[in-house]
Structure formats: C-alpha cells, structure tokens
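Colleague: I've only just opened this one and could use a quick tour. Mind if I fire some questions at you?

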Amino acid sequence: MIFAYTWRGAKNGINTIRSPDINLARKLIVQNSRSRAFNKRIVAGATPPDGAAIPLALYEVPAAAPNSNVAATSCSNILPFSSPSGTAANKPLETPSAANKAPMDGNEAAAAIAYAVSDVSFIYPITPSTVMGELVDQWSAEGRTNVFGNVMSVTEMESETGAAGALHGALAAGSLSTTFTCSQGLLLMVPNMYKIAGELTPCVLHVTARALAKHALSIFGDHQDVMAVRQTGWAMLCSHSVQEAHDLALVSHLATLRSSVPFLHFFDGFRTSHEINTIETIDNAAIKELLSQPIYADAIRHHRQRALNPTHPHQRGTAQGSDVYFQCAEAANPFYDRAFDHVVQAMEEVSAITGRSYKPYEYVGAPDADRVIVLMGSGSQAVEEAVHFMNDNGHKVGVIKVRLFRPWHSDSFLGCLPASVRRVCVLDRTKESGSAGEPLYQQVAAGLHEAEISHPDMPRRFIVGGRFGLASKEFLPSHAVACFENLEQHQPMRDFSVGIVDDVTRRSLPPSQLLPPGVSSLPPGTVQCLFWGVGGDGTVGANKEAIKIIASNTPLSAQAYFQYDAHKSGGVTVSHLRFGPEKIAAPYLVQQADYMAVNHQSYMAKYDILASLKPGGVLVLNTTFTTVESLTKYLPDKVKRQLAVLKPRLYLIDAWSVARDSGLGSKHVNMVMQIVFFNLSGVLPIDKATSLLKKSISKAYERKGPQVVSKNHAAVDAAISALQSVDIPAAWGRVETPAALVHPNPPAKVQSGSRWEFMETVAKPMLALEGDKLPVSVFSPEGFVPPGTTLLEKRAVAAQVPLWKAQNCTQCNVCALVCPHAAIRPVLAQLHELDAAGGAPASFDTIAATGHGLAGLQYRIQVSPYDCTGCDLCTNACTVDALEIAPMENLAEAEIANWEFASQLPVRDNLMDRSSVKGSQLQQPLMEFSGACEGCGETPYVKLLTQLFGDRLIIANATGCSSIWGGSAPSNPYTTNADGYGPAWANSLLEDNAQFGLGIATGTVQRRQALRRHVQGVLEAPAEAAPISGDLRDALSRWSDHWDEPEVANVVAKELQPLLEREKDAAPAIRELYGERDMLHKPSTWIIGGDGWAYDIGFGGLDHVLASGENVNILVLDTELYSNTGGQRSKATPMSAVAKFAAGGNARPKKDLGAIAMSYGDVYVASTSLHANYVQVVKAMTEAERYPGVSLVLCYSPCMQHGINAGLCSAVDESKMAVETGYWPLYRYNPSIKEDASHHRFQLDSKKLKGSISQIFAHENRFQILERKAPEVAKHMHGVMDESVHERFNKFKQMAAGDGSV
Ligand SMILES: Cc1ncc(C[n+]2csc(CCOP(=O)(O)OP(=O)(O)O)c2C)c(N)n1
Ligand code: SF4
Ligand code: SF4
C-alpha cells in the first residue's frame, strides 16, 4: 500500500510524495510543515486503506520563501535503516492507539515509563533529576501499580553511592530496578556502574544530563556528567525532546532486557527535564502487551533465574589474576555487538505502538547536502530549525541527530551521511580540557577515518569539532547557522566554541550573518509569552498550571520553560510560555514575546525587559503607579522611549493591592497576574479559564489548607476589574524624567582594587541579567572571586522595612543577632561625629549608649532598606516594641542616607567582650546581604560565627543552601574588615566536606609548624646570618612563644607584617619568612553544612573527623530536611513530618547526631537554637572554638520548607516553643571539664519542659499534612514522639547531674 502526501508549493504547484510506510508519511508531513517553502499545505491523497487519518491540521502560512525544493529533498532523505529481520517494522502498523495528549516535563515523561516497568527504585535528590525520584515516591505512596501489577518499592538512600550499591544488590536479587540521577550523583555511581555492566545486568539509569562541579558548581544542563561515565560499559541513549524522554525511556527498558547491557538513558538537564511540552503518552496497556511478547518474558525470566539464590547458588564478584581477567572481559563482546540491533528493534516496537519512528542516528536535511552538523540532545531541534531556514535560503545542509552514543555503530552512522557531504561539524555539549577533541567529535572522526581507510573510493570529508551549550548556555538556531557558515570558510575553525565570546584564546565563532539571534523561525501561529516574576511570588507555579490548562483544554500544543537567578528567594524568575497549532520544538528561550507580564515595577528600571517584547505586543505591568501621570514620573526615560517605539498594548494593575485585599499578603500576586493573562490572551473563554484556574488552585494549594485556597480564589475574582488599559503617550518618546530610584553609589572604600573591578566588569552586568554577553577575558580561569560583592548589590526587595523607635530601645542588640541578612545593625558614634560638621543626616537620631565600656558614646539601630528583605524577624524578636515595620516608600530616602552615614563611622568592636550577645553584635558581620530566603534560619548562625572569629575564619562549606546563599555568582556575601581580613570560604562537594575541612586544618597546621621551626631557626641563628632589627627579633620571639594561641599570636602577627615588609631583604631566611607571613595568623577552621550532609551523605566522613581528635570545628545547620533541593527527607527529619521522598510522612525517628558524637568522649558537642536562647549559642560557639579538639555545634534552623503557619517571621516564637516543649533540646558537652561532684561535662541548657510538642505539630504544615491525610497515623506517631521527648529529657537531666553515661 502507498500513502501519498500532496501539497502546493510556492512556485512549482502541486507536489506529491508517496511512501509505503505510514510512519514515514507522517514524518514527511511534520518535516514539511516546518518548511517556509509553502504558502498553503494540503494533507490529502490516498487515505490509508485501514481508514486511519493522518493527524495534521490545515492552516495558512506566510508568503513563500525563495527555495521550494526543500520539502521534497528533506522528504526523500528520511529513509529508514535496514531493519533487522523479524522486527515489528515488518508487521502492519496500526494507528497510534495510545495517543493520550498531556502536558508534562521531561522528568515526568521519563519517570512515568520507569515506574511502569520497574519494581524497585533507590533514590537520592539532585537537581534537576530529583523530580523523577519525587514522582515515583509519590506514585508509590498512592499505591499506583505498574504494568506487572506491583507497587514500586521506593527507598531513599544516604547518597548516590548508596543508591548505586542498593541498585546493584536489587538487580543481583533478580528485581527490575531503576534509579535517577545526574552530575555529582552520577560520578558517585561510577564504581557500581562498572560492576552492573561487568555482570551484564539489565537495568536503566535515567539521567538529566548536567554540568559538573569544576571551577564552580552548576545545576544546569550539558553532557559533562554522562561523558564522564562513557567508559563504564553502559549503553547510552540520548533523548532530544520531552516526547523522546518518554518514548526512548521505554526503548531503553526494552533494549536492556533484550541485550542484558545496562542502559543510561539521558536527556538535557533543565532544557528537557524541566520543559513542559504537550506530548503523547504511552498507555500502560500497550507497554504490558509489548512486555508480554516471548522475548521479554524470557529476558525477565532469565534475569531472575540467574539471580543470587541459595536453591541454585553461584558466586559472582570474585577476584581474578593476570591469567584470566582479560579473557573474561572480552567474553562480553557479543552482548555489545548485538546491542545495536536490539536498540533498533526496540525503537521499532515503540514506533509500532506510538506511530513515532526513531533511529539511533537520524539525518534531516537536504539529500544532496554539502555540510552537516552532528550532535546529541535538545540542541538538535535548534539545528533542525536552522537547517530548514538555510535550505529555504538556497543552502544545502543537514543535521545528524545522534541518539545512540554507546555502543557506537559506525556503519549505521555513516549510512545516514549523504554521499554529497564534504564538510562535517561535530558539536559536543561538554568540555574535555586538553583533549584532541570532545568525545562525540572523536567518535565521528575515528569512524570516518576508518571508513576512508577501508574504502579508498570514499570521498574525504573535512571534519571539525566544537563546543556549545555548557551549563544550559543558550543554543539558538542562529548559533547553528554560524556553525554552517564556519564550515563554508576556506579554513574552518576547529576546536571552537559557539554561543559565547572567547576573546582570550579566540576560539569562538563569530555571530551568524545569515540569521541574527532573535529572529524567529518558529512555526506560524505560535504565540510566545514572558512572565517576569519575583522568586517566591508563585509566578512559576502559576504558569505551570496555566500551560497545563491550555494544553489540556485546547487543541493547541504548548511549551513552558522557567529561568531562575541565584537567589534562594526574592530573585528574578522568567517564565517562557509558547503555544500554537503545531508541535513546538524550540529548545531555547523566548526571544520576542507577543505577551509580557512584569510582576514587579522595579524590573522596568533594573533590567532591559523590553528588549524581548515584540512590537505591538501586550505588556501588563504590576505597579502601584496606575495613572499615566505617576507612571510618567516613575519610569526611566529609556523605558518610556522604548515603549513609544514598540507601541505595545499596555495594561496596568496594582496586583499587590488585589492580593492583599484578598487576604493573601501582598507578595502573592501570581494568581492575579494569571487570570489577567487568560483574560487578555483569549486563549480560552474567560469563564472557562476562571473555573479551570480555580480548580487548579484547589489542587495545588490543597496541602496548604482550605484558607489558602479560598484566598487565592478571591484574588482571581477580584483581578479583572483592577486591570486598566493605558494609551502610551506619544510624548514618551521625548520627555526627560528623573531616573528611577535604584542603586545608590557604592561607598568610596570599595571603589578600588579587584573587588570593585569585579563588580564593574562582571557582577553588574550579571545582576542586570546580561551575563550572557560577558566575554571570556573578564573571568578568572580558576573560578576564584573576590569577597564582599553583595555590599553593592542592593536588591531592594522589601515592600516594608523596620523603623527604629529610639525611645523604647533597651540596646540589647537582639534585632541584629536574629537578622538573617545583616541588614540591621547597632551603631556607636562619638557625639562630635554626629554634628553637622560630621555630616550626619538630620534624621540620624541617637540615644546615649548604655553598657560597660560604652560610656560617652551615642547608640542607634540602623537598617539598610535596600538590603533588608522585610522578613519581620527583627520586629518580632524585639520584646520592647522598639521596631515597627513600615512601608519602604515612607522611609527609604531618609534611611538610605542614614545607612550610608552609619557605614562610614568607625567600627567600634573593641569596647565590649565579643563573646557576649551584645558585644558580638558590635562586631562587624563578615557575612552580609546573602540571597537566602527572607527569614532564613541558617544565616544568623554563620553571620554570628563571622562576628566571633571572622578575621581568622576558614570555612569548608558543604553543598547545600549554605553554599548557595554563601557564594552564587556574582553574589559573595563573605566580606572583609578594614584590614582586609575576613573569612576564606570554599565549597568542595556535598559528600566530602568533613574530609575537605580536615585537610584544610591539617595542611594549615603543617605549614604553621614549619613556619615556627623556621622562626626559631632565625632567632637562634648568628646575628650575621639573620641581620634583623631588635623590633623584629622581639616580635618574632613573642610570636614563637604564643604561635598557637590566636588571641596573642594574631596580634603579634599583625605587628610583624610591616616589620617583615621593611626587612624582607635582610637575608634569604627573612625573605622566606616574608613569603609565609600569612601563616603567622592562626586561623580557625570551621566545617559547615546542612543536615543532609551531616546526617546522610557526608556522615561517613563526618564520623571520621569526629574520631580524628584534630582541632576542627563543625557547624551543622539543621533544617531537618534537604532544603536546597526542595525539601527531601534526611535522617534529621522528625517522625511524622511530610517531606519530599517521605510523601506518606516520615516513619522513623530523627537520628541523634549529638549522642553519636558524645559517644567518642573527646568531642565538644553543643545543641543550640539561636532564636530560642541567644546567650547559649554565643557561649557554645565560643567554647567550641576554644576547645582544642573536634567540636560539633548543632544549630536548629527554621526553614521556609517547615511551613510555619505564621511564616518564618515568627521563627523566634516557634524556636522558643520547640525548646520549651523539649522538641529541640539545648545542651553543651565539654570534655575539657574535669568531672567531679560539682562540675559536669554535660550541661543541660533547656529549662523545665513547658507545654507539649503537639503545639509544634499544630503550628507547622509539615506535620499538619499528615494530620489531614492520615489522622490516625499522625496521632500514633505524635504519641511516640511525645514519649521519646520526655524520655530524652529525663536522660539529659541525669547526665547533667553527672549520673548518666553519654
Ligand atoms: C553527590 C551529590 N548528590 C546530590 C547533590 C545535590 N544536593 C545539593 S545540596 C543538597 C541538599 C543539601 O541538604 P542539606 O545538607 O540538608 O543542606 P541544606 O540545603 O538544608 O542547607 C543535595 C542533595 C550534590 N550536590 N551532590
Ligand atoms: S526585617 Fe528581616 S531582613 Fe530586615 S532588618 Fe529585620 S530581620 Fe533583617
Ligand atoms: S535553609 Fe530554608 S529558608 Fe534558608 S535559604 Fe534554604 S530554603 Fe531558604
């Protein structure tokens, strides 16, 4: 039978293509539908005899492009590979039976298949693959069955090392097992990957391919991780789109069963894993039918029969010597030789049930192409778009999409390379420094070379390799065109990069001449939208819902992708939405928006937002300036001129007021802006859109309780009437207005040196979201960055900030202690500094300072309005009502001036004992203005640490929230004092932080000991060998006597600096000493990380450090879950709390890390809660630092993931309650205390228990979810917890009395 496809060409009238293959026919239609070569398409011709219709809508497309041959040529090229005999390809194909259209992201698309065909999974969170683990955990908790009728057994492990080990074990036991990971997680699986492959075990690992932590960590997508495991013996299959992530996930599971070779199925992190697209899902019934075929039933039976079993035992994993190991390794060859055919067969089987055909290597483009690009992953869609564009413009080019990377099949790859091709460009999404080319390039080059040797008649091809898209760097069709243009050059550039400007080694390609970035070549009718949100305002969530509503309730295809900046909260989010009549493949950001919503008015001045608005598009601005007059005053001239040129349909709405009036709190404008979008876009009738949006709100906020749902419903109802359309005044193209209030000038003291340079050349463009434009030359090649850049950031995210009421203030400094952002500080001044000559602003009120050592000074509490996040913690912590929260606009001007004045006063940090609460807050915080969430419970501890020991701190920071708010480019919150001293901070990895910190401490001690020996040598040498001054000799001698006592050594070290500077050339020994002078200072090494690190993945290393006896300090920021990856359970999670990976409530009690540490007997241990007991935490940190061995300080850290009903602003009361009820005990265990009748090592700092822990359960959503879902289970667990709290408290009382062992 023949299927025909007929269309009308722009120049050459009616054309018809015939194909005996319905899949091919479909493919042709899709191919042609993308071409610009037709002005009208007709899908007609012979209807398949089985009556199946070819599903494609008819519609008009724009005028013809110059070349109309493209469709025909691309059609005839899509030839299937020769099919292995007896495959499904030879069977009659049916119309897709399981064409269930659904919007989903790549993670869900892959996880749905993994769940359907696996019985067991071991999971561990890592962005961006975490979602797959969360989904299978959730489906398992809901009791969903897979195609075998089983509920998947899902187990969270302590690390990916553990997940891989457990996976290996489950496979050895004969189960069908899977897991999900990427990046560092995948690296931790390498040893077991070798084992699993070595034992020829069927298994699939789904990977959201991601960058690796090298000069910096990045959560974004590229192929560095998968390329780092390409040698492990796993087959590697790459999906290029969300649809493929679904279909090829199934291919992987089928192929592994067929071949016994384990499969790594990967797709691009974020670009595919987090892109929502409308896909056709595969029905479980169809999968079940497939798996019931004898080949799979046999494969599963075989897998089980060869499992470890005492009734038919065998041994595996033995040791082999040089006599047999090699031969055994080669014995597996036939499995790899056959694997390619199995992949082809599995692809054909999946095609048979879906109607979508796949090939391991697929060529798209002109049949007589002279140039091709070869690549893997989502970037291939951008290249395909470029290929159509170029061929429409008279070129002859093509693309080979590589899906199967291992085992590589050269013949098949070469089989799809048109004979006419003379030049090949291989693009790798990875970087292998120092190599002769990246892995895909090497593979293709080797294949071509071998083919040319064995077929001397074969034409020689010129081949070049290049890199693109590292860490999700945008890869546009225009970049692909630039690669084709490069191939056209007489001497094409090799080993190049594309998409960046490399002005150092000049390896980057110049921008395309033919297709400049920003020009859309998307299918006609595609609508593109951008939503600029504020992190935490719900915009991303609302857009996810919106795109699902559109995809599920209209015939349109939809795509959504979300961009975030580095801040944990309050940063910028941009939602990119597309929808249209045709399938949307564009794997890149919206360049020209038809619809743009700006959820915060300040963005209009901060970012070049309008650069991506289409002329005549729709612009909706959330603003308090809702009249043309006020807006005219507010908007910068540049923006007004842009608006005058672009002439958008402009709408204004004060969404904050709508949200506030609906009881939501002004921040949550997401649903207001969403219904406005539905209203203006007309994508659905507004009544229908309203009801669908409300339904989705009910579902999305169910976890947060009915009140939150009804408030959001109210906001939706109130939104439309608050929207107003505004005509853009013609005068906006000309008027001059004062610039909008944005950044004040940076203080003079930071205007020089590398920090200032970094701010100007790197940080400022990045903060303006223009980091993509930065050239290579502005970056330090080792990734090192200067400290203190947040000082200049001035985020201005608070709507309300605290105002000091001097008359009530008791000068306790508690507000400064609890502030997570160091945005409120006590200030001390001499009276004379405050008079007019001193330059004090008129509103800089002060009161006479009280307290020992402060006589004669004036005191003030000063807030920095642009650094404050408005979290309200300080006002809640103030017990005497000396702070009140007030609207920013009322006090910004005066308080900014006051802050700047206060910042120039001398830091008076030597007047009070810094180890008191009040004294600690008179020290300059050397960690300030981080991007942590408003009210974060982690940051105050670290800020306090920097106030106690900041000028001599070295921090080894585990990956986690504290490494993200602690150092996300370009925001570096660790800073320096006037001497230029401050914390030296580094993040190695998540799993190795304790060891990393121990290494720093050991290395430092070793260098200092050597220095001391050297100093002693100088002091003992005859005067002529070391001719130094008496001052230097005296200082060196004092240093040598006290080198290990920081209080003395560091003072002398400072004194020594100018002396050594002056006398460094006195003798070689002095010059050597001079070179090591930074080691005169005794540092304090702190190992910092979250509970996920300390209790789980890093525990092995932590335990080793606890046992080491070395002088290191460990600070555990215990948020009781993995905060940074979105709130998964750790072993610090309390029983009954619902966390991700514990969808049914955590069934196990919290691990007692303090008890484990105390069991060593010589480890200092403190359990603290800063908000609950200010004095105790200062004491604990001071004691821990002084203790000459290992110290462990556990810090109760309220986190936004706890869902405290009254918000994190009430963390002070919440923490006090946690301590009073015994939920979180306060204690210190100090091994340096000699036990006797009146002195005990263990001191219980908690007072008598008050109230019940049920108060905590009633206040925090993490506990309430279970109470709502399974009240009986919750009741039981809460009873168990209550009992154990009392038991523990009684034990502590005994220990504190000296009659309980630790
Ligand atoms: C080997 C490895 N696996 C997973 C991750 C992903 N990851 C980054 S931070 C984090 C959670 C850290 O949680 P926690 O230690 O509790 O710190 P918090 O974010 O709560 O401060 C995880 C799992 C990683 N970076 N490395
Ligand atoms: S409102 Fe929050 S961020 Fe602002 S000063 Fe107070 S504690 Fe600091
Ligand atoms: S620990 Fe919690 S509150 Fe703090 S930054 Fe992380 S997620 Fe936000």
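Colleague: How far does a polar side-chain atom of Glu160 lie from a nitrogen atom of ligand 1?

Modeller: First, this is a predicted model: local features need pLDDT of at least 70, side-chain atom pairs need pLDDT 80 or more, and totals for chains, interfaces and linings use all residues. Residues are numbered from 1 along each chain as its sequence is written, chains are lettered from A and ligands numbered from 1 in the order written, and side-chain values use heavy atoms, leaving out hydrogens and water. A polar contact here is a pair of N or O atoms within 3.5 Å. For Glu160 and that nitrogen atom, the distance is 2.7 Å.

Colleague: Which residue has a polar backbone atom 2.7 Å from an oxygen atom of ligand 1?

Modeller: Backbone atoms take part here too: a backbone N or O atom of Leu1121 lies 3.2 Å from an oxygen atom of ligand 1. The 2.7 Å backbone contact to an oxygen atom of the ligand belongs to Gly1092.

Colleague: How much of ligand 1 does the protein bury?

Modeller: Accessible areas come from the Shrake-Rupley method with a 1.4 Å probe. Taken alone, ligand 1 exposes 590 Å². The share of that buried by the protein is 98%.

Colleague: Which helix gives the largest share of the shell around ligand 1?

Modeller: The shell has 24 residues (each with a heavy atom within 4 Å), and Glu160, Glu938, Cys961, Gly1092 and Trp1093 are the closest. Helices are DSSP runs (H or I, at least four residues; strands are E, at least two), numbered from the N terminus. Helix 6 (183–198) and helix 36 (1091–1097) each supply at least two shell residues. The largest share, four residues, comes from helix 36.

Colleague: What about ligand 3: how many charged residues are in its shell?

Modeller: Around ligand 3 you'll find, among them, Ala932, Cys933, Glu938, Trp965 and Lys568. By class (Asp, Glu, Lys and Arg count as charged), the shell has seven nonpolar and two polar residues, and its charged residues number two.

Colleague: On to the sheets. Why is one side of strand 11 and of strand 17 left without a neighbour?

Modeller: They belong to an open, mixed sheet of six strands in the order 11-13-12-15-16-17, where pairing takes at least two DSSP bridges. Strand 11 (361–365) and strand 17 (496–498) stand at the edges, so one side of each lacks a neighbour because each has a single partner strand.

Colleague: Which residue of strand 16 is the bridge partner of Val424?

Modeller: Strand 15 (423–428) and strand 16 (462–468) run parallel, joined by six bridges. In strand 16, Val424 is partnered by Ile463.

Colleague: At about what angle does helix 15 run to strand 15?

Modeller: Helix 15 (439–454) lies across strands 12, 13, 15 and 16, with contact meaning heavy atoms within 4.5 Å. Angles run from 0 to 180 degrees between N-to-C directions of axes fitted to C-alpha atoms. Against strand 15, helix 15 makes about 150 degrees.

Colleague: Which residue that isn't a glycine has a positive phi of about 50 degrees?

Modeller: Most residues other than glycine have a negative phi. The exception here sits in the loop between strand 16 and helix 16. With a positive phi of about 50 degrees, that residue is Ala471.

Colleague: And which residue does a cis peptide bond join to Arg406?

Modeller: Most peptide bonds are trans. This cis bond has an omega of about -5 degrees, and the partner lies in the loop between strand 14 (404–406) and helix 14 (410–415). Arg406 is joined to Pro407.

Note on methods: A polar contact is a pair of N or O atoms within 3.5 Å; within protein, one must be able to donate a hydrogen and the other to accept it, and residues adjacent in sequence count only if both atoms are side-chain atoms.
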